[in-house]
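Subject: Handover of a structure and notes on its contents

Dear colleague,

Please find below the structure that I am handing over to you, together with its sequence. My notes on what was found in it follow.

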Amino acid sequence: IKRSGENLINASDNIEEIIKKAKAEKRLPEKLKISITNNQATDTKVQLNDLINSVIIGFVFVVLVLMFFMGTTNAIFVGLAVPLSVLIAFLFMPSLDYSLNVIVLFSLLLGLGIVVDDAIVVVENAHRIYHLDRNMDIAKATKLAAGEVFLPVLTGTITTVAPFFPLLFWPGIVGEFMKYLPVTLILVLFASLFVAY
């Protein structure tokens with residue numbers, strides 16, 4: 001039985017390894033047949049793989065939509081906000097003692113379209129400023145664009161994050177399970193703000 005706070009998949013793999021080792025060392029009677037029952041790790045692996053596939057497909061769709069409206073170069077720059085924001089969030093998760101679980105992956109899937117908002121505003125404003133004044137180099141145009149939209153983008157991120165804060169104080173057992181959702185979303189959204197700037 002998996003202990004509280006431990007990884008179900010690791011526990012299942014370890015059980016199978018212990019059984020193989022015991023059979024190899026002939027510590028068990030030869031005619032003994034061992035059946036593993038109630039192994040939930042298989043379902044968890046399938047769910048995890050489905051969710052990871054959904055995140056990847058979602059990312060591809062986000063980039064395709066961006067390419068349709070923004071052009072290839074800008075779409076690639078904005079699309080980079082997704083993996084970079086997730087990477088930054090992942091850097092902070094171990095300090096919170098968070099692991100990659102179904103709720104964390106669902107939170108990432110939920111925030112997939114939201115994390116590009118800040119980058120879209122900054123990149124589009126940089127594009128606009130650069131095309132208004134052709135004498136200005138792209139680095140200066142980008143700095144000016146980020147400065148111009150600093151407050152609106154910050155406000156937009158805070159208003160998107162604000163509804164998730166009350167979920168941090170969700171009581172009971174359901175709250176213990178669901179706290180991963182708001183924390184992950186808040187981390188990813190603030191990471192997207194950092195990436196956009």
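In these notes, two helices are called oblique when the angle between them falls outside three ranges: under 35 degrees counts as roughly parallel, 65 to 115 as roughly perpendicular, and over 145 as roughly antiparallel. Please bear in mind throughout that the model is a predicted one.

Helix 4 and helix 10

The first use of that definition concerns helix 4 (81-92) and helix 10, which spans residues 180-196. Their axes lie 8 Å apart and the packing angle is about 125°. An angle of this value belongs to none of the three named ranges, and helix 4 and helix 10 are therefore oblique to each other. The contact is made on the helix 4 side by A81, L84, S85, I88, A89 and F92, and on the helix 10 side by L187, V188, A191, S192, F194 and V195. As for handedness, helix 4 passes helix 10 in a right-handed crossing.

Helix 8 and helix 10

Helix 10 also meets helix 8, which comprises residues 150-161. The two axes come within 10 Å and cross at roughly 175°. Since angles over 145 degrees count as roughly antiparallel, this description applies to helix 8 and helix 10. Helix 8 contributes V153, L154, T157, T160 and V161 to the contact, while helix 10 contributes I186, L189, F190 and L193.

Helix 5 against the start of helix 10

A further point concerns S107, which is placed in helix 5. Is S107 buried or exposed? Its relative accessible area is 1%, and because buried means under 20%, S107 is buried. Leaving aside residues up to four places away in sequence, S107 touches Y180, L181, T184 and L185. These four residues fall within the range of helix 10, residues 180-196.

Helix 3 and its surroundings

Helix 3 covers residues 72-79, and its buried residues are N74, A75, V78 and G79. Why can these residues be said to line one face of the helix? Viewed down the axis of helix 3, they fall within an arc of 130°, so they line one face. On the other side of helix 3, T73 and F77 are exposed. The buried residues pack against helix 2 (41-70), helix 4 (81-92) and helix 6 (116-132).

The pairing with helix 2 can be described in detail. The axes of helix 2 and helix 3 come within 7 Å and cross at roughly 145°, and the crossing is right-handed. From helix 2, the residues F59, V63, L66, M67 and M70 meet T72, N74, A75, V78 and G79 in helix 3.

Aromatic pairs

A search of the whole structure finds three aromatic pairs. One of them is formed by F68 and F69, whose rings are 5.0 Å apart, centre to centre, with 90° between the planes, an edge-to-face arrangement. Both partners are exposed: F68 has a relative accessible area of 68%, and F69 has one of 65%.

Backbone angles in two loops

Most residues other than glycine have a negative phi. Two residues are worth listing here for their positive values. K26, which is not a glycine, has a positive phi of about 55°. K26 is found in the loop between helix 1 and helix 2, and it is exposed, with a relative accessible area of 67%. D97, likewise not a glycine, has a positive phi of about 65°. D97 lies in the loop between helix 4 and helix 5 (102-111), and at 68% relative accessibility it counts as exposed.

Distances along the chain and in space

A11 lies in helix 1, residues 8-24, and is partly exposed, with a relative accessible area of 23%. In sequence, A11 and A41 are 30 residues apart, and their C-alpha atoms are 8.5 Å apart in space. K140 is found in helix 7, residues 138-148, and counts as exposed at 54% relative accessibility. The C-alpha atoms of K140 and L8 are separated by 51 Å, and the two residues are 132 residues apart along the chain.

Yours sincerely

Conventions
Residues are numbered from 1 along each chain as its sequence is written. This is a predicted model: local features need pLDDT of at least 70, side-chain atom pairs count only at pLDDT 80 or more; totals for chains, interfaces and linings use all residues. Side-chain values use heavy atoms; hydrogens and water are left out. Buried means under 20% relative accessible area, exposed over 50%, partly exposed in between (1.4 Å probe, protein chains only). Rings of Phe, Tyr and Trp (its six-membered ring) pair if their centres lie within 6.5 Å; planes under 30 degrees apart count as stacked, over 60 as edge-to-face and the rest as tilted. The arc is that of the directions from the helix axis to the C-beta atoms. Contact means heavy atoms within 4.5 Å. Axes are lines fitted to C-alpha atoms, for helices over the stretch in contact, and angles run from 0 to 180 degrees between N-to-C directions. A crossing is left-handed if the near helix is turned anticlockwise from the far one by less than a right angle, and right-handed if clockwise.
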